[in-house]
Amino acid sequence: MNFSEFNFNSDISKGVKIAGFREPSPIQEEAIPLILDGIDIVAQAHTGTGKTAAFGLPILEKIANSEVEKALIITPTRELASQVSDELYYLGRFAGIRTLAVYGGVGYGRQIALINKGVQIVVATPGRLRDLYQKGKIDNFNPEIVVLDEADEMLDMGFLEPVKEIFEYIPQNRQTLLFSATMPEPIKDLAETLLYNPEYISVVSDEDSTTNNKIEQKYYVIEESQRDDAIVNLLESEDYDKALIFCRMKREVDRVAEHLKALGFNAEGLHGDIEQMDRDEIVKKFRRDKIEILIATDVAARGLDIKGVTHVFNYHIPFDPQSYVHRIGRTGRAGKDGKAITLVSVEEFKELKRIQKDVGAAMELAVLNVDGGEISDEDIESLKFKISSIDVVDGVEDIIEKLECKDRDEMLKKLLSYTINSERVGTSDSIGYDRDETDRLYKEYLSEQKATKRKKGRRN
Ligand code: AMP
């Protein structure tokens with residue numbers, strides 16, 4: 001199928017052409033005609049399927065033809081709001097269509113002024129938009145088309161209430177489109193209450209399936225204390241252009257980012273506690289290849305469509321199988337190859353197995369040989385970094401005295417040797433245990449767990 005079959009207005013067609021879209025993606029093929037016909041839709045599609053243009057193009061077309069004056073798109077995160085607003089601006093600019101991203105963490109003034117001046121498309125996060133409506137700042141903004149983008153993420157992030165409240169301010173006479181990667185019950189209920197007689201569309205993309213053979217998936221079984229060294233060694237041995245490293249917590253993002261920067265990697269961290277302006281700047285730089293490594297939490301990286309990510313690293317395995325699918329889908333996009341590398345400790349091995357089973361991930365165990373186990377410059381930098389962040393504990397002076405070591409240099413050498421040796425758990429010249437060792441350690445771990453449970457049982 002060709003885009004010309006949609007008979008778009010010439011300005012919109014020009015935008016599509018300049019964006020380099022040749023053929024509509026499956027979701028576009030299905031959704032665009034329905035949306036043009038004014039039908040409400042519930043579409044199951046992930047990011048990467050072309051879903052933004054699937055709802056965006058018919059909206060732009062209707063605005064360009066003056067069939068519709070205003071549209072609203074609600075997204076779970078600020079980053080996604082910016083991204084969607086940018087893409088729609090880009091596609092609709094020849095028709096002079098103005099878009100605006102509206103989100104919290106920045107001042108109200110500019111957003112209110114632009115909405116009241118009449119931008120046609122507002123892309124907003126739920127919290128800020130609800131605020132604006134409740135405070136009566138935008139009482140003349142009455143969109144005729146409303147899109148709920150990544151509805152399941154909004155549910156996960158606790159945004160269903162603000163979304164429902166927003167709809168109290170929106171005219172009943174509207175077209176409503178709901179996009180979601182998964183369809184849990186609360187989302188189905190939401191669709192039933194907010195949409196009128198919707199058509200259901202489902203598109204399974206490469207990203208939905210971890211059998212996407214364009215993404216090579218490996219995992220390394222390591223000791224907890226080896227995580228930093230493993231990530232450094234892997235970055236050095238992998239031929240990456242752009243890499244995303246996923247952490248579970250904001251604190252961890254900061255720590256890993258600092259560590260990698262201290263070792264001279266071109267890396268930045270991204271999470272919700274970083275100022276909005278800085279976050280935008282970081283994403284922009286990563287997009288434009290000015291930053292090579294982005295370390296992020298799941299939430300911060302949600303929905304981000306960044307071209308050219310060759311590697312995804314899971315510094316920690318994600319909490320649930322769907323996040324694994326979301327994470328690795330950041331690479332191997334648009335027909336390109338990608339690599340997804342996961343670090344797991346023996347304690348996390350169960351979670352890894354669950355992911356393999358639940359999403360059928362074809363992950364292979366890997367072992368990385370590192371140069372001869374010698375102490376490298378990176379080891380020293382890494383040690384310097386770790387030492388610099390350690391507080392001197394009370395009582396250390398006492399211990400030094402009690403050790404009665406006359407030669408402090410000698411003692412320092414011994415202490416350093418002790419530290420280095422204890423850091424190099426497992427074989428010092430490799431990262432990751434092989435299959436036999438992994439199986440042995442996992443069995444040992446399981447029997448320890450059983451023994452602990454039994455002990456607890458007896459005590460109760
Ligand atoms: P999305 O699923 O909306 O996040 O889109 C993923 C990426 O695909 C974005 O970079 C879009 O610009 C791009 N894209 C969307 N539709 C098409 C198309 N028909 N042909 C080529 N690229 C597309």
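The following exchange goes through a predicted model, its confidence, its two sheets, a helix pair and the ligand shell.

Colleague: What pLDDT does the chain average?
Modeller: Residues are numbered from 1 along each chain as its sequence is written. Because the model is predicted, local features need pLDDT of at least 70 and side-chain atom pairs count only at pLDDT 80 or more, while totals for chains, interfaces and linings use all residues. With pLDDT being the predictor's confidence in each residue, from 0 to 100, 92% of the residues score at least 70, and the chain average is 87.

Colleague: Where does pLDDT stay under 50?
Modeller: The stretch in question has 20 contacts beyond four places in sequence in the model, a contact meaning that two C-beta atoms, placed from the backbone, lie within 7 Å. The stretch is residues 205-211.

Colleague: Which strands stand at the edges of the sheet that contains E1?
Modeller: Helices (H or I, at least four residues) and strands (E, at least two) are DSSP runs, numbered from the N terminus, and two strands pair if DSSP finds at least two bridges between them. Seven strands form this open sheet with parallel pairing, in the order E3-E4-E2-E5-E6-E1-E7. Each edge strand has a single partner strand, so one side of each is left without a neighbour in the sheet, and these strands are E3 (99-102) and E7 (199-202).

Colleague: Which residue in E6 is the bridge partner of Val 147?
Modeller: Strand E5 (residues 145-148) and strand E6 (residues 175-180) run parallel and are joined by four bridges. In E6, the partner of Val 147 is Leu 177.

Colleague: At about what angle does H3 run to E6?
Modeller: Axes are lines fitted to C-alpha atoms, for helices over the stretch in contact, and angles run from 0 to 180 degrees between N-to-C directions. H3 lies across E1, E2, E4, E5 and E6, and its angle to E6 is about 165 degrees.

Colleague: Why is H1 called roughly antiparallel to H3?
Modeller: Angles over 145 degrees count as roughly antiparallel, under 35 as roughly parallel, 65 to 115 as roughly perpendicular and the rest as oblique. Helix H1 (residues 10-18) and H3 pack with their axes 9 Å apart at about 150 degrees, which makes the pair roughly antiparallel. The contact is made by Asp 11, Ile 12 and Val 16 of H1 with Leu 57, Leu 60, Glu 61 and Ala 64 of H3.

Colleague: Which helix gives the most to the shell around the ligand?
Modeller: A residue is near a molecule if its C-beta atom, placed from the backbone, lies within 6 Å of it, and of the 14 residues around the ligand, Phe 21, Thr 47, Gly 50, Thr 52 and Asp 305 come nearest. The helix asked for gives three residues and spans residues 51-64, which identifies helix H3.

Colleague: Which residue in E11 stands opposite Ile 245?
Modeller: The other open sheet of seven strands has the order E10-E11-E9-E12-E13-E8-E14, with parallel pairing. Four bridges join strand E9 (residues 243-246) to strand E11 (residues 293-296), and opposite Ile 245 stands Ile 295.
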